Amino acid sequence: METGKTSKYFKYAIGEIILVVIGILIALQINNWNEGRKQGLKEVSVLDELKQGLESNRDILEKRKLQFKDFQSKSKKLIDHLEAKRSYHDSLDQYFYVPTGNYSFGISYATFENLKSQGLDIISNKDLRLNLVKLYEEDYWLLKDQESKVANAFTNATLPFTRKHFKLLNGPTYKPNDYNNILQNAEFLNILYESNYLAQLYFRQCVRVSEATSKVIEKIENELKE
């Protein structure tokens with residue numbers, strides 16, 4: 001009799017343990033689901049932020065592309081004018097500013113830096129993750145490196161020369177203090193050649209990196225749809 005009662009209690013205890021284990025497993029499953037849901041929402045938020053940042057960068061690159069094309073055209077016209085030893089006209093003042101123009105790309109890294117601080121593994125798609133890293137740490141880095149080099153050249157050569165030989169007028173125009181001196185000055189012609197080269201190079205870089213940015217934006221959009 002005691003044996004049957006003990007067996008009954010044992011089965012009951014086992015049943016209770018199983019129910020507790022099942023309850024724990026269900027709770028863990030719900031918790032995992034909630035965590036997965038939170039992680040998914042966080043990833044969507046990060047992707048949205050990255051997409052906005054990249055769209056802003058693409059817009060900047062497209063504007064810079066037009067700017068560099070304009071710099072290239074104006075520097076070429078001024079080079080041709082000076083090499084032909086043509087006389088001065090005040091219409092040239094709109095071209096003399098070109099070497100001091102904005103030779104920067106203006107790319108923002110804020111959204112990617114925010115992603116890195118949270119951990120790149122927030123983005124579950126490995127291919128997308130690698131594309132983002134390549135874009136920011138290779139393509140954009142190259143632009144940033146070029147910006148630094150040009151900024152140094154501008155500070156050390158272009159700016160001192162223009163301050164000495166030109167006066168700034170209203171708007172982005174520079175009037176030469178002595179046009180004949182400029183006409184004979186090989187240094188200014190070299191600065192113009194460098195500006196023209198940079199404008200061509202930066203235009204091509206803008207085209208290439210803008211296209212690369214668009215491809216990553218498309219990948220993010222596809223990821224957000226899934």
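Buried means under 20% relative accessible area, exposed means over 50%, and partly exposed lies in between (1.4 Å probe, protein chains only). The model is predicted: local features need pLDDT of at least 70, side-chain atom pairs count only at pLDDT 80 or more, and totals for chains, interfaces and linings use all residues. Residues are numbered from 1 along each chain as its sequence is written, and side-chain values use heavy atoms, with hydrogens and water left out.

**Salt bridges**

A salt bridge is a side-chain nitrogen of Lys or Arg within 4 Å of a carboxyl oxygen of Asp or Glu. By this rule the count comes to 12. Three of the pairs are tabulated here.

| Pair | Closest N and O atoms |
|---|---|
| Glutamate 221 and lysine 51 | 3.8 Å |
| Aspartate 70 and lysine 74 | 3.3 Å |
| Lysine 76 and aspartate 80 | 2.9 Å |

Helices below are DSSP runs (H or I, at least four residues), numbered from the N terminus. Glutamate 221 forms a salt bridge with lysine 51. That pair links distant parts of the chain: glutamate 221 sits in helix H6, lysine 51 in helix H1 (residues 2-83), 170 residues apart. Glutamate 221 is partly exposed at 31% relative accessibility. Lysine 51 is buried at 18%.

The other two tabulated pairs lie within H1. Aspartate 70 and lysine 74 are 4 residues apart, about one turn of the helix. Aspartate 70 is partly exposed at 31% relative accessibility, whereas lysine 74 is buried at 16%. Lysine 76 and aspartate 80 are also 4 residues apart in H1, about one helical turn. An α-helix has 3.6 residues a turn, so residues three or four places apart point the same way. Lysine 76 is partly exposed at 43% relative accessibility, and aspartate 80 is partly exposed at 31%. Elsewhere, salt bridges that share partners join Lys51, Glu55 and Glu221 into one network.

**Helix H3 and two positive phi values**

Helix H3 covers residues 110-118, and its buried residues are Thr111, Phe112 and Leu115. Seen down the axis of H3, these fall within an arc of 100 degrees, so they line one face of the helix. The arc is that of the directions from the helix axis to the C-beta atoms. The face turned away from the buried side carries the exposed residues Ala110 and Ser117. Just after H3, glycine 119 takes a positive phi of about 110 degrees.

Most residues other than glycine have a negative phi. Lysine 85 is not a glycine, yet has a positive phi of about 55 degrees. Lysine 85 lies in the loop between H1 and helix H2 (93-96). Its relative accessible area is 46%, partly exposed.

**The largest pocket**

A pocket is an open set of points on a 1 Å grid over the protein atoms alone, where a 1.4 Å probe fits, with protein on both sides within 12 Å along at least five of seven lines; lining residues have an atom within 4 Å of a point. The largest pocket holds about 290 Å³ of space. Its lining has 19 residues, of which Tyr103, Val150, Ala151, Phe154 and Leu198 lie nearest the centre. Helix H4 (126-165) and helix H6 (186-225) each supply at least two lining residues. H4 gives the most, with 8 residues.

The lining divides into 10 nonpolar, 6 polar and 3 charged residues. Here Ala, Val, Leu, Ile, Met, Phe, Trp, Tyr, Cys and Pro count as nonpolar, Asp, Glu, Lys and Arg as charged, and the others, Gly among them, as polar.

Note on methods:
Points joined across faces, edges and corners; volume = space filled by probe spheres on them.
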